[in-house]
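Biologist: Please show me the model, and let us ask how each term used for it is justified.

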Amino acid sequence: MTNVEVSSVAKTYGQTPVLSDITTSFTEGSFTSLLGPSGSGKTTLLRIVAGFIAPDSGKVSIGGNDVTDTPVWARNIGMVFQNYALFPHMSVAENVAFGLARRGIKGEDARRQVEQALEMVRLPGYGTRRPKQLSGGQQQRVALARAMVIRPSVLLLDEPLSALDRRLRQEMQVELLRIQRETGLTTIFVTHDQEEALTLSDRVAILDRGKIVQIGAPSEIYERPRTKFAAQFLGDANFLTGTVVSGAVKLADGTMVRCSTPIGADGATATLAVRPEKMSVVKDGAAPDPSLNVLKAMVRAVIYAGPALTYVLTTAAEEELKLFAQNTDGTIIPSGSEVTLSWSPAHTIGVEN
Ligand code: ADP
């Protein structure tokens, strides 16, 4: 059940291509984050779905209807912005009722729907206040109520939590997720915060310079990143580069590293990604498990953070690696130690550069 479909959408400002050939779809009831660095085109894509920006080419459809030429107000979308965008001279209730009035819903019907929307965002009875009498978090709840009251078929959120402090932000994340689950609304959420994308969404689309480089469940992207950029943008990653020899990768020092994804023909240069928590240090004197990859490295620094340790290491080929270890037995391997690392080929992923 596809709700929102974007086909071959492109947008250029002056000479600068901002989105190139975006084709993707958002299934009914899904919560998708558009995640990428500043300037990657996230907001532009969201605004094209909303109708605030017209694409140079391509199509947008909502609920099976082509809305490419449909104005914002006729698309039946709910939108929440980073800066709340509430009308300061209107009461909370008037703000929430705004979209209803434009749809001809007035009087008792409007009053009831506004109160229901305020209850949903846990602000019952706040209708008579002015926005400036509310905290930032409460204002954002009003903005959410205003977006939801019209019963949109899609909810579009443009960094709605980034103006809030950390605690409020986490509280709002929980609220947002609850409301989204309760209403089953197809939601598209713009963020540059990977943790937020991971915890909120059932799908993440990673944008890099106007292109979606990967889209999938957070765990799918984390465990199977397709590109170096995706691997780095969602979580931490180690990269090992070498030459393909019989389906494995031979590093500059001759170490063979096996992996679980296709990596190209013999002789080609390949880059492998390994998450830092997937690697471990082989105990002194122990024989490494032959089913695992092994690699010699030198500890360059240890970052002690109580329950966890981060080791910064370098390989013989001068590649820098990170290793995350749980502080289970209080052992800290000092800087300058030579160690053997091991990890599973199943956690070794070939990535495009
Ligand atoms: P993001 O949301 O990922 O930070 P945007 O979609 O806001 O990215 O912007 C993508 C690129 O488009 C940026 O380089 C930005 O400077 C440029 N851009 C956005 N809006 C305009 C505009 N109205 N005119 C010219 N350039 C713009």
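Modeller: In this predicted model, a polar side-chain atom of K42 is 2.9 Å from an oxygen atom of the ligand.

Biologist: What makes the pair formed by K42 and the ligand a polar contact?

Modeller: A polar contact is a pair of N or O atoms within 3.5 Å. The K42 pair lies at 2.9 Å, so it meets that cut-off. Taken alone, the ligand exposes 560 Å², of which the protein buries 54%.

Biologist: Which backbone atoms lie at such distances from a ligand oxygen atom?

Modeller: A polar backbone atom of G39 lies 2.7 Å from an oxygen atom of the ligand, and for a backbone N or O atom of G41 the distance is 3.0 Å. Both values are within 3.5 Å, so these pairs also count as polar contacts.

Biologist: Which residues surround the ligand, and of what classes are they?

Modeller: The residues around the ligand include Y13, V18, P37 and S38, as well as T43 and T44. By class, the shell has 3 nonpolar, 6 polar and 1 charged residues. Helix α1, residues 42-50, gives the largest share of the shell, 3 residues.

Biologist: Why are helices α2 and α3 called roughly perpendicular?

Modeller: Helix α2 (residues 92-102) and helix α3 (residues 107-120) pack at an angle of about 115 degrees. Angles of 65 to 115 degrees count as roughly perpendicular, and α2 and α3 are therefore described in that way. Their axes are 9 Å apart.

Biologist: Is the crossing of α2 and α3 left-handed or right-handed?

Modeller: The crossing in which α2 passes α3 is right-handed.

Conventions. Residues are numbered from 1 along each chain as its sequence is written. This is a predicted model: local features need pLDDT of at least 70, side-chain atom pairs count only at pLDDT 80 or more; totals for chains, interfaces and linings use all residues. Side-chain values use heavy atoms; hydrogens and water are left out. A residue is near a molecule or strand if one of its heavy atoms lies within 4 Å of it. A polar contact is a pair of N or O atoms within 3.5 Å; within protein, one must be able to donate a hydrogen and the other to accept it, and residues adjacent in sequence count only if both atoms are side-chain atoms. Accessible areas come from the Shrake-Rupley method with a 1.4 Å probe; for residues, only the protein chains shown count as cover. Helices (H or I, at least four residues) and strands (E, at least two) are DSSP runs, numbered from the N terminus. Ala, Val, Leu, Ile, Met, Phe, Trp, Tyr, Cys and Pro count as nonpolar, Asp, Glu, Lys and Arg as charged, and the others, Gly among them, as polar. Axes are lines fitted to C-alpha atoms, for helices over the stretch in contact, and angles run from 0 to 180 degrees between N-to-C directions. Angles under 35 degrees count as roughly parallel, over 145 as roughly antiparallel, 65 to 115 as roughly perpendicular and the rest as oblique. A crossing is left-handed if the near helix is turned anticlockwise from the far one by less than a right angle, and right-handed if clockwise.
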